[in-house]
Amino acid sequence: MTVTALLDGPGAEVLAAACGEYQAGRELQLVEKLRRRYEAELVTAVVTQAALRHRAVAKFGTDAERMYFTPDGLEQATRTTVGTHRAARIAAALPGAGVVDLGCGIGGDLISAARAGLQVTGVERDPETAATARANLTALGLTGRVLVGDAESTDLTPYDVVFADPARRADGRRVFDHNAYSPPWSFVTDLLQRTACVKVAPGIPHDAIPADVEAEWISDSGEVKEAALWSGALYGGTPRRATLLPGGVTVSAAPPADAGPVGQYIYEPDGAVVRAGLVTAVAAVVDGWLLDPRIAYVTAAKYVPTPLASAYEVLEELPYKEKALRTWVRTQRIGTLEIKKRGVDLDPAQLRKKLAPKGRTSATLIITRIGRDAVAYSCRRVTG
């Protein structure tokens, strides 16, 4: 049953009832109750939609209560915080611009762009997904249109800005190689010769990014979400940028930094800062240095709060040997153990299991490499 069957009439009535009673983990009970009054196919569709709306709150907040989703569409949709940031950047550079979203999915980016005052058109190959995007614009009272079509055959001349989110899945699996995107990477690079923004995976190799294109890595609440490539009138004048949401802190310059012995504090840069290759920007902020020139840890003599990194106070250096670490865990009565690592081949979950923390205290163990040697530090996470 399609989304359009849920927009009005009996479908809308049953959907409202299902959403009003939905509880995660109790879907079968809800299905059984609704089937006493409604036909099975409709009940299955509305309970599925209610479950998707429940999951979608993490990405779309209260908007999710009025929106429509497909499972794949929700999985691949841009969360509101990221979409709002991107739309605001386009609107600041080109107020009221006409934007075409190639491969718009369920319309997450269309919603953000429309709210930013941009004139939006979505293009989506799958008719059911296109209908879902169209329904979402209507449900949220936004103006825009959604066309069924292929990104590569769309006439781009009527639009000021092209936005594209190439598919990064094949046979249900995530694709990490940019050369396996759909539409292909050659199509993406052609788009970037005009005023465009292209959403890509955060693991995009730096050497794959065309000249005169800005790559912006974006994290939200400490989790790296994506990279966006900006070109033409949207180019920000810098080849690399890291933006940290929800605060909107951004950094684009990283002066050189020396490497040296561990100080009183170790700083772990935000993942977007690391992906953008801007780790030394943290060193500049905290008046610090790198633990190793090839490892993304910064150290310093004092604590300087910064949104660019998490800070840990170094309590002692420990031998990187399982027996010594197990003794440390036991004598310190550690029950909650956070393990951070860079530059060493280990599975933190497996190591935690071997160390068997059972006490009442908590600690952070940072394991990294300096030169050829692995080192471990007992630390306390600094908050506030």
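Here is a short friendly conversation about a predicted model.

Me: Welcome! To start, how many helices and strands does the chain have?
Reply: There are 12 helices and 18 strands in the chain. Along the principal axes, the C-alpha atoms fill a box of roughly 65 × 55 × 35 Å.

Me: Why are α1 and α3 called oblique to each other?
Reply: The axes of α1 (residues 9–21) and α3 (residues 40–60) cross at roughly 50°. Angles under 35 degrees count as roughly parallel, and 65 to 115 as roughly perpendicular. The angle of roughly 50° falls in neither range, and α1 and α3 are therefore oblique. Their axes come within 9 Å, and the crossing is right-handed.

Me: Which residues make the contact of α1 with α3?
Reply: From α1 come P10, G11, V14, L15, A18 and C19. From α3 come L42, V46, Q49, A50 and R53. These residues divide into 8 nonpolar, 2 polar and 1 charged. Gly counts as polar, so G11 belongs with the polar ones, while Arg counts as charged, so R53 is in the charged group.

Me: Why is D212 called exposed?
Reply: Exposed means over 50% relative accessible area. D212 has 64%, so D212 is exposed. D212 sits in the loop between β7 (196–200) and β8 (214–220). Its phi is near 60°, a positive value in a residue other than glycine.

Me: And what makes A356 partly exposed?
Reply: The relative accessible area of A356 is 38%. Buried means under 20% and exposed means over 50%, so a value in between is partly exposed. A356 lies in the loop between α12 (348–355) and β17 (361–370). Phi of A356 is also positive, near 50°.

Me: What share of the chain is buried?
Reply: Buried residues make up 49% of the 384 residues.

Me: Where are P183 and P246 found, and which peptide bonds lead to them?
Reply: P183 is in the loop between β6 (173–174) and α8 (185–191), and the bond from S182 to P183 is cis, with omega near 0°. P246 is in the loop between β10 (240–245) and β11 (249–251). The bond from L245 to P246 is cis, with omega near 10°.

Me: Which residues does UniProt list for "domain: THUMP-like"?
Reply: The unreviewed UniProt entry lists residues 310–381. That span is 25% helix and 51% strand, and its end C-alpha atoms are 8 Å apart.

Terms used: Residues are numbered from 1 along each chain as its sequence is written. This is a predicted model: local features need pLDDT of at least 70, side-chain atom pairs count only at pLDDT 80 or more; totals for chains, interfaces and linings use all residues. Side-chain values use heavy atoms; hydrogens and water are left out. Axes are lines fitted to C-alpha atoms, for helices over the stretch in contact, and angles run from 0 to 180 degrees between N-to-C directions. Helices (H or I, at least four residues) and strands (E, at least two) are DSSP runs, numbered from the N terminus. Angles under 35 degrees count as roughly parallel, over 145 as roughly antiparallel, 65 to 115 as roughly perpendicular and the rest as oblique. A crossing is left-handed if the near helix is turned anticlockwise from the far one by less than a right angle, and right-handed if clockwise. Contact means heavy atoms within 4.5 Å. UniProt positions are given in the numbering used here, feature names are shortened, and annotations may be inferred rather than shown by experiment. Buried means under 20% relative accessible area, exposed over 50%, partly exposed in between (1.4 Å probe, protein chains only).
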